[in-house]
Amino acid sequence: MPENLEKYLLTPGPLTTSKLTKQAMLRDIGSWDSDFKKITSEIREKLVNILMQTSNINKIKNSDPYISIPMQGSGTFSVEAMLGTFVPKTNKALVLSNGSYGKRCSTILNYLGRDNDFIDMGDFLPPDPQLLEKKLEQDPHISHVIVIHCETSSGILNPIKTISKIVKSFNRSLLIDSMSAFGAIPIDCAEIEFDALVSSANKCIEGVPGFGFVLTKKSVLEKSKNNSHSLSLDLYDQWKYMEEKGQWRFTPPTHTILGFLSALNQHASEGGVLGRLNRYEANKNILVEGMRDLGFETLLSDKWISPIIVSFLYPADENFNFKTFYNLMKNQNFIIYPGKLTVADTFRIGCIGQIDNNIMRKVLKAVKASLSEMNVKSAIPKNSIIAEREKLNSF
Ligand SMILES: Cc1ncc(COP(=O)(O)O)c(C=O)c1O
């Protein structure tokens, strides 16, 4: 872990990166130069390899390979690129929403003028397979279903395997926002069939912000020509240009890409997806256990908590004040994350980035010291959320 004079970002990206990643960015490189073209091609290949690491490759057709297309901008730019490139203008999409990133997909589709429907499960309940089946049965116009892999606003890990089976049984296409999950949560693309999956540089691969990427099949991409509403966010054009010229269509975030190549190599040295998952799981287990020992309650029951980020309910103690808590944590070098929910007051602590079990133990000490500084006697939350949480048991 880094000798870190900076603050630890316990957030879902930008996150704490390693010294090696930061060092890799300490040089300038020409975006048209052959060295940079080589790096772009290497990155694209390594991203596909990450997907293949946890996939049953014997079931994947050689004639229809998976490919990756990087896209400049934050993760949302790549989500918008994915929706605009893969959902044809005359088609209809169904968004499975259980948090703010699902809602954002629906907002994007509205901006793009794509007909869409929405199954809203509120703040944190998982997508309901029966509701999905019913919608697909009733509405033959829906050609694409969109699901969020880890809904980072609550931290829930959505059951994408179940969703993908249903979508496939109705012969529709699946698009996955795996922004905060790809690289640490295994996906077998032979089992979970998707048309496209999106993530970004500054999540589980542990790079810095600047671009996102989409994984898709060559056959799917070839069919998407002329779908896009946008010049700069057209994944088909981006891919064609990269294939033909080896370079990005428009100015790429060169330093971010240098850092990302280093981050990918570190991802491999750590044991790839499973290595990363192990560390994040250990971080999550220490965090959840330690916070519960202090009296905190998690928003979600264990089955649904992801090793990416965990939501905790505010303590009922009237001396608890999130702003004060945030600043006290910051003074101890930890940046935590506010909640985003409507049903309950929560805050979030991320488990991803260059953080290990030693750091997580220090986080817990800092939480304990902050509570004591605020004179919060108990971190036990109000009862009001318990009934809401019980609903999770029916899924
Ligand atoms: C699941 C998910 N989708 C989309 C985004 C948006 O990414 P960005 O904030 O980089 O635009 C995030 C960001 O955390 C996310 O977690």
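**Ligand shell, helix packing and a small sheet**

In this predicted model, the ligand is surrounded by 13 residues. Ser74, Gly75, Thr76, Thr152 and Met179 are the closest. Helix 3, spanning residues 75-86, supplies the largest share of this shell, with three residues. Seven residues of the shell are polar, five are nonpolar and one is charged.

Two helix pairs were examined next. Packing of two helices is described by the angle between their axes and the distance between the axes.

The first pair joins helix 5 (residues 129-138) and helix 6 (residues 160-169). Their axes come within 10 Å and cross at roughly 20°. Angles under 35 degrees count as roughly parallel, and helix 5 and helix 6 are therefore roughly parallel to each other. The crossing of helix 5 past helix 6 is right-handed. On the side of helix 5, Pro129, Leu132 and Glu133 make the contact. Thr162, Ile163 and Ile166 contribute from helix 6. By class, four residues of this contact are nonpolar, one is polar and one is charged.

The second pair consists of helix 10 (residues 272-293) and helix 12 (residues 357-374). Here the axes come within 9 Å, and the crossing angle is roughly 20°. That angle makes helix 10 roughly parallel to helix 12. Helix 10 and helix 12 also cross in the right-handed sense. Helix 10 brings Ala282, Asn283, Ile286, Leu287, Gly290 and Met291 to the contact. Helix 12 brings Asn357, Met360, Arg361, Val363, Leu364 and Val367. Eight residues of the contact between helix 10 and helix 12 are nonpolar, three are polar and one is charged.

The model also contains an open sheet of three strands. The strand order is 11-14-13, and the pairing is antiparallel. Strand 11 (309-313) and strand 13 (337-338) stand at the edges. Each of these edge strands has a single partner strand, so one side of each is left without a neighbour in the sheet. Strand 14 covers residues 346-350. Strand 14 pairs with strand 13 in the antiparallel sense over two bridges. Within this part of the sheet, tyrosine 337 stands opposite arginine 348 of strand 14.

Notes
Residues are numbered from 1 along each chain as its sequence is written. This is a predicted model: local features need pLDDT of at least 70, side-chain atom pairs count only at pLDDT 80 or more; totals for chains, interfaces and linings use all residues. A residue is near a molecule or strand if its C-beta atom, placed from the backbone, lies within 6 Å of it. Helices (H or I, at least four residues) and strands (E, at least two) are DSSP runs, numbered from the N terminus. Ala, Val, Leu, Ile, Met, Phe, Trp, Tyr, Cys and Pro count as nonpolar, Asp, Glu, Lys and Arg as charged, and the others, Gly among them, as polar. Axes are lines fitted to C-alpha atoms, for helices over the stretch in contact, and angles run from 0 to 180 degrees between N-to-C directions. Angles under 35 degrees count as roughly parallel, over 145 as roughly antiparallel, 65 to 115 as roughly perpendicular and the rest as oblique. A crossing is left-handed if the near helix is turned anticlockwise from the far one by less than a right angle, and right-handed if clockwise. Two residues are in contact if their C-beta atoms, placed from the backbone, lie within 7 Å. Two strands pair if DSSP finds at least two bridges between them.
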